[in-house]
Amino acid sequence: MDSLDLLQTFREVARRGSFSAAARALDMSPANASKYVAALENRFGVRLFNRTTRKVSLTDAGQLLYQRSGPVLELVQMTTGELHDRAHKPSGRLTVTAPHSLMQTQLPVLLARFLVLHPAVSLNLQVTNRVVDLAEEGVDLALRVGPIPDANLIVRRFICVERVLVATPAYLAAHGEPKHPRELATHRTLVALNSGDAPRWTFIEGGGALSCRCSPT
């Protein structure tokens with residue numbers, strides 16, 4: 001049984017001086033109210049109530065628990081209310097990490113709109129191309145481009161970033177124009193890489209992914 005439920009039942013019995021009256025107020029049976037109080041007495045190893053056929057009254061131990069438990073339950077109830085408010089009205093510090101490339105998209109505008117809609121939120125934006133460990137570095141949200149290999153993360157598609165291949169006319173005149181992505185292996189390319197990644201570009205061919213090796217400049 002939950003300790004808070006036991007304490008709430010104990011305090012209701014103490015206030016009303018009756019298991020039956022407390023049970024009605026808590027919408028439970030008198031037997032359950034008595035069971036909850038008995039569980040507290042067994043847990044602490046003391047008797048909390050003097051019981052008679054007509055009423056119940058607090059023992060010295062019961063008086064102590066009644067006095068000390070009030071502020072604890074008030075704090076729990078206040079915290080519960082604040083957490084419920086946060087669930088419906090975002091507030092507090094939000095730490096977000098994103099790569100430099102996303103700063104050239106509509107992301108800054110979207111973040112600004114979010115802050116207007118939720119003025120109680122303060123944003124800590126960390127712009128880095130490093131793959132951040134969310135749990136280790138206390139990051140709430142990571143915006144990343146491409147596949148996410150970590151199966152332990154909750155992943156949602158945010159925006160679609162389109163990529164195109166470009167080359168200067170002078171380069172094409174000197175080295176020829178590739179007709180298929182596989183030919184890129186023989187061309188000099190500029191590839192944005194994270195540390196440890198292999199120099200590859202991924203294309204869509206026939207509805208499937210086609211990964212092609214590149215030769216970085």
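Two strands count as a pair here if DSSP finds at least two bridges between them. Keep that in mind as we go through this structure, which is a predicted model.

Let's start with a spot where the rule is easy to apply. Strand β7, residues 200–205, and strand β8, residues 208–213, run antiparallel and are joined by 6 bridges. If you want to find the register by eye, look at F203, whose bridge partner in β8 is L210. Then move to I204, which stands opposite A209 in β8. The hairpin made by β7 and β8 has 2 residues between the strands, and G206 takes a positive phi near 60 degrees there.

Now zoom out. The protein has 7 helices and 9 strands in total. How spread out is the whole thing? Its radius of gyration is 32 Å, well over the 17 Å that the globule rule gives for 217 residues, so the protein is more spread out than a compact globule. You can get a feel for that from the C-alpha trace, which spans about 105 × 35 × 30 Å along its principal axes.

A few whole-protein numbers fill in the picture. Of the 217 residues, 23% count as buried. The exposed surface comes to about 15,600 Å², with carbon and sulfur atoms supplying 53% of it. As for contacts with a separation of 6 or more, 55% of them are between residues 24 or more positions apart. On the charge side, there are 25 positive and 19 negative charges, and their mean positions are 4 Å apart.

Back to strands, this time a sheet. Three strands, in the order β4-β3-β5, form an open sheet with parallel pairing. At its edges are β4 (121–127) and β5 (141–142), each of which pairs on one side only. Take the β3 and β5 pairing as an example: β3, residues 92–98, runs parallel to β5 and is joined to it by 2 bridges. That number just satisfies the rule we opened with, since a pair needs at least two bridges. One contact point to look up is V96, whose bridge partner in β5 is L141.

Next, go to the helices at the start of the chain. Helix α1 covers residues 3–16, and E12 is found in it. Is E12 buried or exposed? Buried means under 20% relative accessible area, and E12 has 10% relative accessibility, so E12 counts as buried. Leaving out residues up to four places away in sequence, E12 touches A22, A25 and L26.

A little further along is helix α3, residues 30–44, where you'll find A33. A33 is buried too, with a relative accessible area of 0%. Which residues does A33 touch, not counting those up to four places away in sequence? They are T9, F19, A23 and M28. For a sense of distance across the model, try A33 and E136: these residues are 103 apart along the chain, and their C-alpha atoms are separated by 45 Å.

Between α2 (19–26) and α3 there is a loop, and D27 lies in it. D27 is worth a click for its backbone: it has a positive phi of about 55 degrees although it is not a glycine. With 73% relative accessibility, D27 counts as exposed, whereas A33 in the helix that follows the loop is buried.

Finally, visit another loop, the one between α7 (169–175) and β6 (188–189), which is the place of T186. Here the cut-off for exposed is over 50% relative accessible area, and T186 has 69% relative accessibility, so T186 counts as exposed. The C-alpha atoms of T186 and H175 are separated by 9.5 Å, with the two residues 11 apart along the chain.

Notes
Residues numbered from 1 in each chain as written. Predicted model: local features only at pLDDT ≥ 70, side-chain atom pairs only at ≥ 80, totals over all residues. Heavy atoms only, no water. Helix = DSSP H or I, 4+ residues; strand = E, 2+ residues; numbered from the N terminus. Rg over C-alpha atoms; globule rule 2.2 N^0.38 Å. Buried < 20%, exposed > 50% of the residue type's maximum accessible area, 1.4 Å probe, protein only. Contact = heavy atoms within 4.5 Å. Areas by Shrake-Rupley, 256 points an atom, 1.4 Å probe, with all protein chains shown as cover. Lys, Arg positive; Asp, Glu negative; His and termini not counted. Charge placed at Lys NZ, Arg CZ, Asp CG, Glu CD.
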